[in-house]
Amino acid sequence: MTAPISESWTQIENWLAEHAPATYAALAPPADPADIAAAERVIGRPLLKPLVSSLSRHDGLLDRRVSLLPGFYRPMSAREIAAEWQLFTGFHDKRTADEEGDEADYDFMKTGVSNVLYGQPQLIPIARDVRGGCLVLDHRSEIDRGRVHEAEAEQGIVRGSHEMWTSLPVLMQAIATSLETNQPLNDHTPVVDEEQRLCWDFIPLRTDRPPHRSRTPRQRPLEQRRGR
């Protein structure tokens with residue numbers, strides 16, 4: 001059974017406070033309900049409850065140099081989500097999407113990649129990486145509703161096969177478990193750099209996905225930081 005967002009956040013906060021205090025200090029306070037409501041007005045639809053719950057715990061990160069999610073993704077605030085959504089949807093090719101219709105969704109489910117869906121207004125950006133890629137939360141009414149996808153300008157929307165992408169609560173629980181056990185999460189292992197920030201070391205264990213993010217020279221494995 002998947003833990004509530006609040007429970008996963010408590011586990012993550014406790015781990016960060018002990019092992020990565022710089023990242024812990026960067027956690028923003030809860031979002032102002034007015035900012036969440038404003039984001040929903042801009043986007044034109046209610047945000048899914050797990051996202052609202054997460055924003056109500058931490059409204060993104062205060063330090064843009066800090067990431068939290070595997071793949072160097074930094075959760076965004078409610079205001080950032082609204083602004084990023086406006087930029088993201090500017091890339092939507094509505095004409096092509098309308099022409100392909102259900103075929104685009106079928107291809108996406110079959111291949112796991114879609115350029116047609118890039119910028120789709122019901123895919124809401126929730127986190128951003130240093131290269132400009134995003135994590136988007138699927139707000140469509142189809143089977144992928146609530147699922148988390150990766151979005152990159154070159155690849156389009158990528159539907160990850162790992163269980164952690166099933167939903168935002170599943171992703172947060174998987175992160176909490178990985179931190180507490182120091183076990184890899186989809187080939188990403190938690191590490192702490194010399195500035196006491198959480199990072200994720202990408203070590204591909206399979207050949208079905210090319211490596212796209214690697215450890216920076218300043219990162220150290222968690223075992224080394226603990227003096228093991």
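Colleague: Why does tyrosine 118 count as buried or exposed in this model?
Modeller: The model is predicted. In it, tyrosine 118 has 14% relative accessibility; buried means under 20%, so tyrosine 118 counts as buried.

Colleague: And what makes phenylalanine 91 buried or exposed?
Modeller: Its relative accessibility is 57%. Exposed means over 50%, so phenylalanine 91 counts as exposed.

Colleague: How many aromatic pairs are there?
Modeller: The count comes to two aromatic pairs. Phenylalanine 88 and tyrosine 118 form an aromatic pair, 5.1 Å centre to centre.

Colleague: Why is the pair of phenylalanine 88 and tyrosine 118 called edge-to-face?
Modeller: Its planes stand 70° apart, and over 60 degrees counts as edge-to-face, so the term applies. Both residues, phenylalanine 88 and tyrosine 118, are buried.

Colleague: What makes phenylalanine 91 and tyrosine 118 an aromatic pair?
Modeller: Their centres are 5.9 Å apart; rings pair if the centres lie within 6.5 Å, so they form a pair. With 65° between the planes, this pair is edge-to-face.

Colleague: Which parts does the pair of phenylalanine 91 and tyrosine 118 tie together?
Modeller: Phenylalanine 91 lies in the loop between α5 and α6 (94-100), and tyrosine 118 in the loop between β2 and β3, so the pair ties together parts that are 27 residues apart in sequence.

Colleague: What links Phe88, Phe91 and Tyr118 into a cluster?
Modeller: Ring pairs do.

Colleague: How much of the protein is buried?
Modeller: Buried residues make up 51% of its 228 residues. The secondary structure comes to nine helices and nine strands.

Key:
Residues are numbered from 1 along each chain as its sequence is written. This is a predicted model: local features need pLDDT of at least 70, side-chain atom pairs count only at pLDDT 80 or more; totals for chains, interfaces and linings use all residues. Side-chain values use heavy atoms; hydrogens and water are left out. Helices (H or I, at least four residues) and strands (E, at least two) are DSSP runs, numbered from the N terminus. Buried means under 20% relative accessible area, exposed over 50%, partly exposed in between (1.4 Å probe, protein chains only). Rings of Phe, Tyr and Trp (its six-membered ring) pair if their centres lie within 6.5 Å; planes under 30 degrees apart count as stacked, over 60 as edge-to-face and the rest as tilted.
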